[in-house]
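Work through the exercises below with the sequence and the 3D view side by side. Try each task before you read its solution.

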Amino acid sequence: MASPRTRRVLKELQGRDTNNTCFECGSTNPQWVSVKYGIFICLGCAGKHRSLGVHVSFVRSTTMDKWKDSELEKMKAGGNAKLRTFFSSRDDVTPDMSIQEKYNSRSAALYRDKPHFRLS
């Protein structure tokens, strides 16, 4: 179970930018995240992200899972708006792509594997 500190940090982050809606489908009040991308997602989209494998998208519950400090730091550096801006600047990611296509793209791998992209 997430500690009170973790819940407080995630709740604060969820109030920023567009983090109060699912990155994938836009549903409100998402309770799951993809730590590798620093994005908030709903339960349905969390299942789709889990099917990608932990090497592509590492999914955590904002309330039920235990969190490492390093995972919280990734969430602080990320955010729905940051990934959306990054994807919109890339040629190989389009809005009509499936979740599997999007997160197996070269751009997604670049964002996922290069922390400095999320820290800028």
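Three exercises follow on this predicted model.

**Exercise 1. Two sides of a helix**

Task: Sort residues of helix α1 (residues 4–14) into buried and exposed, and find what the buried ones pack against.

Solution:
- Step 1. Start with T6, which is found in α1. Buried means under 20% relative accessible area. T6 has 3% relative accessibility, so T6 counts as buried.
- Step 2. Now take P4, also a residue of α1. Exposed means over 50%. P4 has 66% relative accessibility, so P4 counts as exposed.
- Step 3. Extend the buried list. Its members are T6, V9, L10, L13 and Q14. These residues cover an arc of only 135 degrees around the axis, so they lie on the same side of α1.
- Step 4. Turn to the face away from the buried side. That face carries the exposed residues P4, R8 and K11.
- Step 5. Look for the partners. The buried residues of α1 pack against β2 (39–41) and α3 (69–77).
- Step 6. Check one residue in detail. Leaving aside neighbours within four places in sequence, T6 is in contact with W67 and L72.

**Exercise 2. The nonpolar cores**

Task: Find which residues of the largest nonpolar core touch the most other members, and which elements give two or more residues to this core.

Solution:
- Step 1. The largest nonpolar core has 20 residues. F23, Y37, I39, I41, L83, F87 and Y103 touch the most other members.
- Step 2. Assign elements. Those giving two or more residues are β2, α2 (43–50), α4, α5 (99–103) and α6 (106–113). The largest share, three residues, comes from α4.
- Step 3. Follow the contacts of L83. Not counting residues up to four places away in sequence, L83 touches F23, Y37, I39, Y103 and Y111.
- Step 4. Look for another core. A second, separate core has ten residues, including A2, V33, W67 and M75.
- Step 5. Recall a general tendency. In soluble globular proteins, nonpolar side chains tend to be buried together.

**Exercise 3. The largest pocket**

Task: Describe the lining of the largest pocket by residue, element and class.

Solution:
- Step 1. Note the volume, about 190 Å³.
- Step 2. List the lining: F23, E24, R84, F87, S88, V93, T94, P95 and K102.
- Step 3. Find the main contributor. Helix α4 (residues 80–88) gives the largest share of the lining, three residues.
- Step 4. Sort by class. The lining has four nonpolar, two polar and three charged residues.
- Step 5. Link back to the core. F23 and F87 line the pocket, and both are members of the largest nonpolar core.

Terms used:
Residues numbered from 1 in each chain as written. Predicted model: local features only at pLDDT ≥ 70, side-chain atom pairs only at ≥ 80, totals over all residues. Heavy atoms only, no water. 1 Å grid on protein atoms, 1.4 Å probe; cavity = no way out; pocket = protein on both sides within 12 Å on 5 of 7 lines; lining within 4 Å. Points joined across faces, edges and corners; volume = space filled by probe spheres on them. Helix = DSSP H or I, 4+ residues; strand = E, 2+ residues; numbered from the N terminus. Nonpolar A, V, L, I, M, F, W, Y, C, P; charged D, E, K, R; others polar. Buried < 20%, exposed > 50% of the residue type's maximum accessible area, 1.4 Å probe, protein only. Arc of directions from axis to C-beta. Contact = heavy atoms within 4.5 Å. Core = buried A, V, L, I, M, F, W, Y, C linked by side-chain atoms within 4.5 Å.
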